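User: I am new to this structure. Could you show it to me before we talk?

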Amino acid sequence: MLSLPALAAPSYLGGRRPERPWRPGDIRLTPLWRRLRQRHGLTLDWRGCLTPPDNASGPPALADYLSRLRDGVYNELSSGRPLFVLGGDHANAMAVWDAAMAAVGERRFGLLWIDAHLDCHTFMTTPSGNVHGMPLAALLGLADPSLASLMPGRCRLRPEALCLFGVRSYERAEQEAMERLNVRVIQAARVRRDGIDGALDGALAYLDRHCEHYGISIDLDAIHPRQAPAVATPVVGGLNGSALCQALCRRVDPDRCRILEIAEFYPSLDRAGRTQRLLADLVGAWWWSRGSRRRGWA
Ligand SMILES: NC(=[NH2+])NCCC[C@H](N)C(=O)O
């Protein structure tokens, strides 16, 4: 049994609906732990669990949370080991990827962002006011003052080192922002047309040209809502979960990709452990990609 360094970040402060924070070892998450162990030979080596204080809400609480998360991720990555971060809503990404860029070097780092949404709003353009729809704007340096005040660090993601994958729901303003920066966006329709292997090959070949190391951020709503119901903002027509796992396992380069974030996990919305099992398979696919044993890391 191999143990994978992991951080729990069950914050829903930037999300659309509240959710009771879970903890490592939580009995409600048994399908996840069990599948990881039995199918993938993995246990999670919990390096920490960052929970927001009870009844926390509003921007100051979120800013405080993100800064703790950023420090937690940064400390883990400084050890040189790989890391899996399980969230919580996608506002967490502002902390996770800031820390990754600080640890790895901003100019060497890229990001594969697998998501139904573009998550590139600011407080000036958001239709909902939810910060989980804004992390990429913050990371790309497009934040308005209110969004900037939530940011836990100063790193900037280079637009050419970002590739979005599986997108199918967005508003005009964020689409324009992405187009202005010339960010590579591979829409879900394109994935359907080219096949997931071909489309993922394209995404990773693109990142290979623009960065030395990359992270992967998976918003569970990228996947078809029938397969991953435990999300707050489901969108029809998602990626096929098991095909995505297989493609990741075949294509991700374990030497260049050391950090995986899985976000928008709302355990209370799951049905019969479906999302949890898929989540375990995504983690397994990443960890064992290209038959890697990730030697020298763990
Ligand atoms: N991380 C997410 N689930 N993002 C969904 C964002 C939905 C919509 N674009 C909004 O800003 O409200």
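Analyst: The ligand site comes before a pair of strands below.

Analyst: This is a predicted model, in which local features need pLDDT of at least 70, side-chain atom pairs count only at pLDDT 80 or more, and totals for chains, interfaces and linings use all residues. Residues are numbered from 1 along each chain as its sequence is written, and side-chain values use heavy atoms, without hydrogens and water.

User: Which residues come nearest to the ligand?

Analyst: D119, S128, H132, E171 and T233 do, out of 14 around the ligand, where near means a heavy atom within 4 Å.

User: How far is the T233 side chain from a nitrogen atom of the ligand?

Analyst: An N or O atom of the T233 side chain lies 2.8 Å from a ligand nitrogen. For D221, a side-chain N or O atom is 3.4 Å from a nitrogen atom of the ligand.

User: Changing topic, in which sense do β5 and β6 pair?

Analyst: β5 (residues 162–167) and β6 (residues 184–187) pair in the parallel sense over four bridges; pairing requires at least two DSSP bridges, and strands are DSSP runs (E, at least two residues) numbered from the N terminus.

User: Which residue of β6 is opposite L164?

Analyst: V185 stands opposite L164.

Technical notes:
A polar contact is a pair of N or O atoms within 3.5 Å; within protein, one must be able to donate a hydrogen and the other to accept it, and residues adjacent in sequence count only if both atoms are side-chain atoms.
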